[in-house]
Amino acid sequence: MAGTAGRPSIYPTLLYADAKAALRQLTEALGFTELAVYEGEDGLVQHAELVQGNGAVMIGSKGRGGRFDEAMKGAGPTGVYVVVDDVDGHYQRAVDHGVEILMPPTDQDYGSRDYMARDAEGNIWSFGTYAPRMEG
């Protein structure tokens, strides 16, 4: 992949009514690590980058203004799949933090072990061992 220098080339981007609460839930309960968080003078999260393994997501506050915020206005929840090595340990961390679980760890017929959760604003997060091969 040209120009990525080892970085992911696709970043799901989600906007939250309460991005600060989302940051807490995603880091404390779902194991993401904050890479960068930029807040405006009004305290809204203008842009944040969270990493998990070699992947990343970007989040921000709804209503912060700008073209992307306007384009996403009224958008519904989204779904994101994240590869983790220890599905059961990751699941237990989420449960311990009160995350809504939609499907407990389940062995899939295609060889993956996955679980599914809903964050506080309705986005669906799936965590599992399935990792598509990216080479041609």
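How many bridges join E1 to E4? The answer is four, and the two strands run parallel.

## Before we start

This is a predicted model, in which local features need pLDDT of at least 70 and side-chain atom pairs count only at pLDDT 80 or more, while totals for chains, interfaces and linings use all residues. Residues are numbered from 1 along each chain as its sequence is written, and side-chain values use heavy atoms, with hydrogens and water left out.

You will meet labels such as H1 and E4 throughout. Helices (H or I, at least four residues) and strands (E, at least two) are DSSP runs, numbered from the N terminus.

## A sheet of four strands

Let us stay with the strands for a moment. An open sheet is formed by four strands in the order E1-E4-E3-E2, with mixed pairing. E1 and E2 are at the edges with a single partner strand each, so one side of each has no neighbour in the sheet. On average, neighbouring strands here are turned by 20° against each other, direction ignored. Two strands count as a pair if DSSP finds at least two bridges between them. In general, strands of a sheet pair through backbone hydrogen bonds, either parallel or antiparallel.

For one spot to find in the structure, look at threonine 13, which stands opposite methionine 58 in E4.

## Helix H1 across the sheet

Now add a helix to the picture. H1 lies across E1, E2, E3 and E4, and runs at about 10° to E3. Such axes are lines fitted to C-alpha atoms, for helices over the stretch in contact, and angles run from 0 to 180 degrees between N-to-C directions.

The buried residues of H1 are Ala19, Ala22, Leu23, Gln25, Leu26, Thr27 and Ala29. Here buried means under 20% relative accessible area, exposed means over 50%, and partly exposed lies in between (1.4 Å probe, protein chains only). These buried residues of H1 pack against E1, strand E2 (33–39), E3, E4, H3 and E8. After H1 comes glycine 31, with a positive phi near 80°.

## The nonpolar core

A nonpolar core is a set of buried Ala, Val, Leu, Ile, Met, Phe, Trp, Tyr and Cys residues joined through side-chain atoms within 4.5 Å. The largest one has 24 residues, and those touching the most other members are Tyr16, Leu26, Leu30, Phe32, Ile59, Trp125 and Phe127. Elements that each supply at least two residues of this core include strand E1 (13–16), helix H1 (19–29), strand E4 (55–61) and helix H3 (87–96). H1 gives the largest share, five residues.

Which residues does tyrosine 16 touch? Leaving out residues up to four places away in sequence, its contacts (heavy atoms within 4.5 Å) include Ala22, Leu26, Ile59, Ser61 and Trp125. Serine 61 has its place in strand E4. With a relative accessible area of 3%, serine 61 is buried. Beyond four places in sequence, serine 61 touches Leu15, Tyr16, Ala19, Leu44, Val45 and Asp69.

## Helix H3 and its buried side

Val87, His90 and Ala94 are the buried residues of H3. They cover an arc of only 70° around the axis, which puts them on the same side of H3; the arc is that of the directions from the helix axis to the C-beta atoms. As a rule, an α-helix has 3.6 residues a turn, so residues three or four places apart point the same way.

What covers these buried residues of H3 includes H1, E3, strand E6 (100–107), E7 and E8. After H3 comes glycine 98, with a positive phi near 80°.

## Salt bridges

A salt bridge is a side-chain nitrogen of Lys or Arg within 4 Å of a carboxyl oxygen of Asp or Glu. By this rule, the count comes to four. One of them joins glutamate 39 and lysine 20, whose closest N and O atoms are 3.5 Å apart. Since glutamate 39 lies in strand E2 and lysine 20 in helix H1, the pair ties together parts that are 19 residues apart in sequence.

Arginine 113 appears in two salt bridges: with aspartate 88, the closest N and O atoms are 2.9 Å apart, and with aspartate 107, they are 2.9 Å apart. Asp88, Asp107 and Arg113 are thus joined into one network by salt bridges that share partners. How accessible are its members? Aspartate 88 is partly exposed at 36%, arginine 113 is partly exposed at 24%, and aspartate 107 is exposed at 58%.
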